[in-house]
Amino acid sequence: MNETILACHSLPQQFCTTEGTMKEMIERARAGDGEAFVRLMEAHKQSLYKIARSFFTCEMDAEDAVAQTVLDCWEKLDTLQKPQYFRTWLTRILINNCNDIIRRRDKTVTMDELPERVGDEDASGDIVFHDLMAALSPPLRPVMELYYGEGFKAREIAAMLHIPLGTVTTRLRRGRQQLAALMEKGETIS
């Protein structure tokens, strides 16, 4: 077991995300290993940021939600009952933090909150996906991002967002319809 962990530390991060290694890192982090916790957060940071961006047009709000999620995760890691559900647990914390920010913030929209390009996107496909998500109405964005961007199942999304499964499937259908309508009109996504 220790050999696997040591081997993981010498490899690039993308090779250290196997289920067994991830479970070992979770257990190490639960035991107070700060380095293991940092590695866990690094492995999930892109996913967290993309989900947060589906809630907000303002990049700073998304960053605040992710930062609060990392802090909450560290403080509450001992409450995680099953390490195999770490990703779902972490995503649920992020969604709760996003909803908290939405409840607290002012309802006015300033020019600073208009959608903008994110400079650290990996590929043009990610930029196109982000732009497509930004074109959707706000209630549809998180469901579409979790389903298409992060690969969660509809039942998992329903549990994470605390909404009925029927609402999730309806939002997925409406999201696909909105995207089809945008493409039909020939609107460019930029």
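In which crossing, right-handed or left-handed, does H3 pass H7? Keep that in mind while you get your bearings. The model you have open is predicted.

**The whole chain**

Colour everything by secondary structure. You will find nine helices and zero strands. Along the sequence the pattern reads α-α-α-α-α-α-α-α-α. Now show the surface. About 11100 Å² is exposed, and carbon and sulfur atoms supply 54% of that area. Of the 190 residues, 39% count as buried. Turn on contacts next. Take those with a separation of 6 or more: 62% of them join residues 24 or more positions apart.

**Stop 1: H3 and H7**

Select residues 34-55 for helix H3 and residues 141-149 for helix H7. Two packed helices are described by the angle between their axes and the distance between the axes. Here the angle is about 155° and the axes lie 8 Å apart. Angles over 145 degrees count as roughly antiparallel, so H3 and H7 are roughly antiparallel to each other. The opening question has its answer here: H3 passes H7 in a right-handed crossing.

Show side chains at the contact. From H3, pick Lys50, Ile51, Ser54 and Phe55. From H7, pick Arg141, Pro142, Glu145 and Leu146. Colour this set by class. It holds four nonpolar, one polar and three charged residues.

**Stop 2: along H7 to H8**

Stay on H7. Which of its residues are buried? Select Arg141, Pro142, Val143, Met144, Glu145 and Leu146: these are buried. Now move past the end of the helix. H7 is followed by glycine 151, whose phi is positive, near 80°.

Add residues 154-161, which form helix H8. The axes of H7 and H8 come within 10 Å and cross at roughly 140°. H7 and H8 are therefore oblique to each other. The crossing of H7 and H8 is right-handed.

Who makes the contact? On H7, select Val143, Leu146 and Tyr147. On H8, select Ala154, Ile157 and Leu161. By class, the H7 and H8 contact has six nonpolar, no polar and no charged residues. Note Leu146 of H7. Leu146 takes part in the contact with H3, and Leu146 also takes part in the contact with H8.

**Stop 3: the loop after H8**

Select histidine 162. This residue sits in the loop between H8 and helix H9, residues 165-185. Histidine 162 has a positive phi of about 55° although it is not a glycine. Is its side buried or exposed? With 62% relative accessibility, histidine 162 counts as exposed.

**Stop 4: a point on H9**

Go on to arginine 174, in helix H9. Arginine 174 counts as partly exposed because its relative accessibility is 47%. Measure from its C-alpha atom to that of methionine 144 and you should read 9.8 Å. The two residues are 30 apart along the chain. Methionine 144 belongs to the buried group in H7.

**Stop 5: H3 and H5**

Return to H3 and add helix H5, residues 86-104. This pair packs at an angle of about 40°, with axes 10 Å apart. H3 and H5 are therefore oblique to each other. H3 passes H5 in a right-handed crossing.

Light up the H3 side: Leu40, Met41, His44, Leu48, Ile51, Ala52 and Phe55. Then light up the H5 side: Phe86, Arg87, Leu90, Thr91, Leu94, Ile95, Cys98, Asn99 and Ile102. By class, the contact has 12 nonpolar, three polar and one charged residues. Ile51 and Phe55 of H3 meet H5 here, and both also belong to the contact with H7.

**Stop 6: two residues of H4**

Select threonine 69, in helix H4, residues 59-76. Threonine 69 counts as buried because its relative accessibility is 0%. What does threonine 69 contact, leaving aside its neighbours within four places in sequence? The partners are Leu90, Ile93, Leu94 and Asn97. Two of these, Leu90 and Leu94, also meet H3.

Finish at glutamate 59, also in H4. Its relative accessibility is 22%, so glutamate 59 counts as partly exposed. From its C-alpha atom to that of tyrosine 49 is 9.4 Å, and the two residues are 10 apart along the chain.

How values were computed: Residues numbered from 1 in each chain as written. Predicted model: local features only at pLDDT ≥ 70, side-chain atom pairs only at ≥ 80, totals over all residues. Heavy atoms only, no water. Axes fitted to C-alpha atoms, helices over the stretch in contact; angles between N-to-C directions. Helix = DSSP H or I, 4+ residues; strand = E, 2+ residues; numbered from the N terminus. Parallel < 35°, antiparallel > 145°, perpendicular 65-115°, else oblique. Left-handed = near helix turned anticlockwise from the far one by under 90°. Contact = heavy atoms within 4.5 Å. Nonpolar A, V, L, I, M, F, W, Y, C, P; charged D, E, K, R; others polar. Buried < 20%, exposed > 50% of the residue type's maximum accessible area, 1.4 Å probe, protein only. Areas by Shrake-Rupley, 256 points an atom, 1.4 Å probe, with all protein chains shown as cover.
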